[in-house]
Amino acid sequence: MRLTDLSSKYAAFLMLLGLIFNSINASPIEVDFAHCETKVFKWASSALDFEVREDKRTLRDLLFFLHVPRTGGRTYFHCFLKKLYSSDLECPRSYDKLRFDPSKPNCRLLVTHDDYSMMSKLPKEKTSVVTILRNPIDRVFSTYEFSVEVAARFLVHPNLTSATHMAGRLRSKTNGVSTLDIWPWKYLVPWMREDLFARRDARTRRGPTNYQNNDSYNMEDTVMPLHEYINDPVAHDIIHNGATFQVAGLTNNSYFAESHEVRHCIQLHQSLGEYVLKVAKKRLDNMLYVGLTEDHRESASMFANVVGSQIISQLVTSSSKPGVSHNKSGSDSNNKNQQNDVLDNTSGTPSSGNVSTTFNKNMTVGELMEAYESCISSLRKAQSRRRISSLKRISPANFSKEARLKVPESLLQQIASLNRLDIELYKHAQSIFAQQHKHVEQKLEMNKGMLKNLESLPGWEFLSIAIFSLLLLFLVYQYVNARRTSKLKV
């Protein structure tokens with residue numbers, strides 16, 4: 001019996017020695033990967049711990065527009081949402097988390113470049129999320145071009161010191177929001193600004209040369225070449241797979257306490273990115289609306305039908321309540337517009353001072369689309385003028401669709417490889433978009449069928465059905481309002 005006990009103890013001792021030996025001899029990479037996998041898996045499991053809403057297509061009290069940079073979200077904000085929501089219904093949308101206040105009374109709209117971690121600051125059960133995604137390769141091109149475009153506006157100054165001081169003084173004198181305050185441009189524009197001044201100074205010291213190159217994305221004499229841009233650590237940290245990290249809530253601007261360590265682990269071990277992709281996909285599944293930049297016309301029409309129609313219905317209901325008013329203060333509005341104009345001239349953010357935000361409670365979805373088309377036309381013209389003016393300062397570089405065709409295929413493949421997660425997320429968004437389209441088509445067909453049936457009814461039958469429908473809507477409204485009141489009392 002004693003011999004058996006000694007043998008068991010000896011065997012256990014040998015196993016313990018073996019574990020110690022293996023841990024001592026395990027490479028730092030293996031230990032780090034194991035730690036990172038545990039960390040990322042734990043975060044992803046927590047993030048995935050929710051069910052996709054059955055009523056996700058119903059607009060809730062607060063609309064959170066998660067604006068992925070360079071997807072066309074600005075046009076949706078100015079040409080859709082500002083025509084529906086008055087300024088007193090907007091949450092403070094400064095993009096500066098230090099000034100964000102989700103507790104603002106009547107806060108119904110939040111539009112921001114902040115990532116999904118913003119949801120930790122919002123009432124989840126009362127919030128609907130919408131977003132737009134873009135082909136990842138095109139988004140990288142657009143990010144590069146816009147970074148350079150905004151930075152080039154500072155070349156009117158004699159040197160970098162002067163440009164930096166002037167920008168700082170203007171921002172401190174106004175309460176508006178500059179591009180330099182907005183993620184990710186607060187990182188990317190200063191980076192490009194410093195680079196442009198360095199290259200201009202080098203040209204000045206060197207003097208004129210006969211070097212000629214017709215590839216706008218590889219003019220190292222004037223601007224950082226695209227191949228250098230995408231391989232810089234800044235691009236790896238902020239740009240590549242940026243949509244996936246933003247939808248997952250893991251940008252370097254995240255509210256999640258563990259985000260920095262999780263991001264670091266994924267950057268060290270790319271295979272762990274699959275966990276983040278899974279989280280981002282499920283977040284998209286739970287959104288009220290997902291648009292695609294490439295299907296611009298269809299996306300806009302779908303936004304008007306899916307989101308716009310419900311906003312109109314909500315605001316009509318709330319405006320019918322006694323004592324409720326959503327008109328903005330004229331003097332306050334004019335003040336903000338003047339401040340924003342000053343900042344826009346410096347930072348490159350298109351001015352919104354001329355955008356009408358008066359809500360017409362009799363507006364239809366068709367009229368909303370007409371207003372959108374008119375607005376986007378003028379907005380694009382203003383953006384084009386600003387872009388042309390800016391690019392003149394880095395001539396002969398001239399970014400355009402035609403210039404992109406000259407970029408080598410090998411560089412395009414490298415961009416695709418660096419944005420593998422975003423490409424997979426975009427495919428998922430395309431699938432969601434197709435489902436949304438099918439749902440909207442079915443809804444429109446059903447409405448047409450109901451209208452035809454009503455038109456075929458005799459006048460008295462139509463009138464009785466209309467009265468009954470209104471009475472039913474009134475009873476439903478009273479019931480919902482009573483439930484909300486009882487919850488507040490509890």
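A salt bridge is a side-chain nitrogen of Lys or Arg within 4 Å of a carboxyl oxygen of Asp or Glu. In this predicted model, that rule yields 15 salt bridges.

Arg199 and Glu228 form one such pair, with their closest N and O atoms 3.4 Å apart. Arg199 sits in helix H6 (residues 185-206) and Glu228 in helix H7 (residues 226-230), so the contact ties together parts 29 residues apart in sequence. The two partners differ in burial class. Arg199 has a relative accessible area of 14% and is buried. Glu228, at 34%, is partly exposed.

A second contact also starts from helix H6. Arg206 and Asp221 meet in a salt bridge, with an N to O distance of 2.3 Å. Arg206 belongs to H6, whereas Asp221 lies in the loop between H6 and H7. This pair, too, links distant parts of the chain, 15 residues apart. Arg206 is partly exposed, with a relative accessible area of 44%. Asp221 is partly exposed as well, at 24%.

The pair Arg153 and Glu149 has an N to O distance of 2.6 Å. Arg153 is at 9% relative accessibility; buried means under 20%, so Arg153 counts as buried. Glu149 falls under that cut-off too, with a relative accessible area of 5%. Both residues take part in a wider network of salt bridges. The other members are Asp138, Glu145, Arg387 and Arg404.

The second largest pocket has a volume of about 1,200 Å³. Its lining comprises 41 residues. Those nearest the pocket centre are Arg70, Gly72, Arg134, Ser142 and Gln383. By class, the lining holds 16 polar, 14 charged and 11 nonpolar residues.

Several helices contribute to this lining. Helix H3 (73-79), helix H4 (136-152) and helix H12 (296-319) each supply at least two residues. Helix H14 (365-391) and helix H15 (401-404) do likewise. H14 gives the most, with 6 residues.

How values were computed: Residues are numbered from 1 along each chain as its sequence is written. This is a predicted model: local features need pLDDT of at least 70, side-chain atom pairs count only at pLDDT 80 or more; totals for chains, interfaces and linings use all residues. Side-chain values use heavy atoms; hydrogens and water are left out. Buried means under 20% relative accessible area, exposed over 50%, partly exposed in between (1.4 Å probe, protein chains only). Helices (H or I, at least four residues) and strands (E, at least two) are DSSP runs, numbered from the N terminus. On a 1 Å grid over the protein atoms alone, a cavity is a set of points where a 1.4 Å probe fits but cannot get out, and a pocket is an open set with protein on both sides within 12 Å along at least five of seven lines; lining residues have an atom within 4 Å of a point. Grid points are joined across faces, edges and corners, and a volume is the space filled by probe spheres set on the points. Ala, Val, Leu, Ile, Met, Phe, Trp, Tyr, Cys and Pro count as nonpolar, Asp, Glu, Lys and Arg as charged, and the others, Gly among them, as polar.
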